[in-house]
Amino acid sequence: MSRPIYRRGAPYAKKAAHLLRHVVHPELDPGLDRYQLALVNALRDRLTPRETECMVHYYLLGESMQEAASRLGINLSTVSRTVDRGEAKLDGLLKLAISISPVRLDQDWSGRRAS
């Protein structure tokens, strides 16, 4: 299995995988603060089961979209569109979390320096 070249870059993939790990297995880190826990719960509520499944294969398991499509028995374009929808929901929640966070963040989700 080859490592995918993430469309949004490796830093985004690492952050997405970290959040998805908590969505799928929240018991892994009982030390989440209330803001992190709220973000994970909101993401869990917003993602459809198919979005979660496709994003887990792409980000957590490190499969290419073609490999994910093959394993899930769905079309490659379905995986691509589903991951795009999941990323849009994730981005929206992260922007909201950043805007209401009591902690000043040095970087936004995309990795660019915050202004």
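The following exercises, each with a worked solution, concern a predicted model.

**Exercise 1. Helix α1**

Task: Determine what end-to-end span the 15 residues of α1 should have, and compare it with the model.

Solution: Begin with the rise of 1.5 Å a residue. The expected span is 1.5 Å times one less than the number of residues, so the 15 residues of α1 should span 21 Å. Next, take the C-alpha atoms at the two ends of α1, which are 21 Å apart in the model. The two values agree.

Task: State which residues of α1 are buried.

Solution: A residue counts as buried under 20% relative accessible area. In α1 this holds for Y12, A13, A16, A17, L19, L20, H22 and V23.

**Exercise 2. The largest nonpolar core**

Task: Identify which helices supply the largest nonpolar core, and which members touch the most other members.

Solution: First, the core has 25 residues. Among these, L19, L43, M55, Y59, V79, V83 and L90 touch the most other members. Second, consider the origin of the residues: α1 (10-24), α2 (34-46), α3 (49-60), α4 (65-72) and α5 (76-100) each supply at least two. The largest share, seven residues, comes from α1. Third, examine one member, V83. Apart from neighbours within four places in sequence, V83 is in contact with R7, C54, M55, Y58, Y59 and M65.

**Exercise 3. The aromatic pairs**

Task: Classify the two aromatic pairs of the structure.

Solution: A pair of aromatic rings is described by the distance of the centres and the angle of the planes. For Y12 and Y59, the centres are 6.1 Å apart and the planes stand at 55 degrees, and the pair is tilted. Y12 belongs to helix α1 and Y59 to helix α3, so this pair ties together parts that are 47 residues apart in sequence. For Y58 and Y59, the centres are 4.8 Å apart. Their planes stand at 65 degrees, and an angle over 60 counts as edge-to-face, so this pair is edge-to-face. Taken together, Y12, Y58 and Y59 form one aromatic cluster. Y12 and Y59 are both buried, and Y58 is buried as well.

**Exercise 4. The packing of α3 and α5**

Task: Describe how α3 and α5 are oriented, and name the residues that make the contact.

Solution: The axes of α3 and α5 are 9 Å apart and meet at an angle of about 100 degrees. An angle of 65 to 115 degrees counts as roughly perpendicular, which makes α3 roughly perpendicular to α5. On the α3 side, the contact is made by R50, E51, C54, M55, Y58 and Y59. On the α5 side, it is made by T78, V79, T82, V83, R85, G86, E87, K89 and L90. As a further step, note that E51, C54, M55, Y58 and Y59 are among the buried residues of α3. After α3 comes G62, with a positive phi near 70 degrees.

**Exercise 5. Two residues of α5**

Task: Decide whether T82 and L76 are buried or partly exposed.

Solution: T82 lies in helix α5. Its relative accessibility is 1%, so T82 counts as buried. Beyond its neighbours within four places in sequence, T82 is in contact with R50, E51 and C54. L76 also has its place in helix α5. At 36% relative accessibility, L76 counts as partly exposed. With neighbours within four places in sequence left aside, L76 is in contact with M65, Q66 and A69. Finally, L76 and S64 are 12 residues apart in sequence, and their C-alpha atoms are 9.9 Å apart in space.

Methods. Residues are numbered from 1 along each chain as its sequence is written. This is a predicted model: local features need pLDDT of at least 70, side-chain atom pairs count only at pLDDT 80 or more; totals for chains, interfaces and linings use all residues. Side-chain values use heavy atoms; hydrogens and water are left out. A nonpolar core is a set of buried Ala, Val, Leu, Ile, Met, Phe, Trp, Tyr and Cys residues joined through side-chain atoms within 4.5 Å. Buried means under 20% relative accessible area, exposed over 50%, partly exposed in between (1.4 Å probe, protein chains only). Helices (H or I, at least four residues) and strands (E, at least two) are DSSP runs, numbered from the N terminus. Contact means heavy atoms within 4.5 Å. Rings of Phe, Tyr and Trp (its six-membered ring) pair if their centres lie within 6.5 Å; planes under 30 degrees apart count as stacked, over 60 as edge-to-face and the rest as tilted. Axes are lines fitted to C-alpha atoms, for helices over the stretch in contact, and angles run from 0 to 180 degrees between N-to-C directions. Angles under 35 degrees count as roughly parallel, over 145 as roughly antiparallel, 65 to 115 as roughly perpendicular and the rest as oblique.
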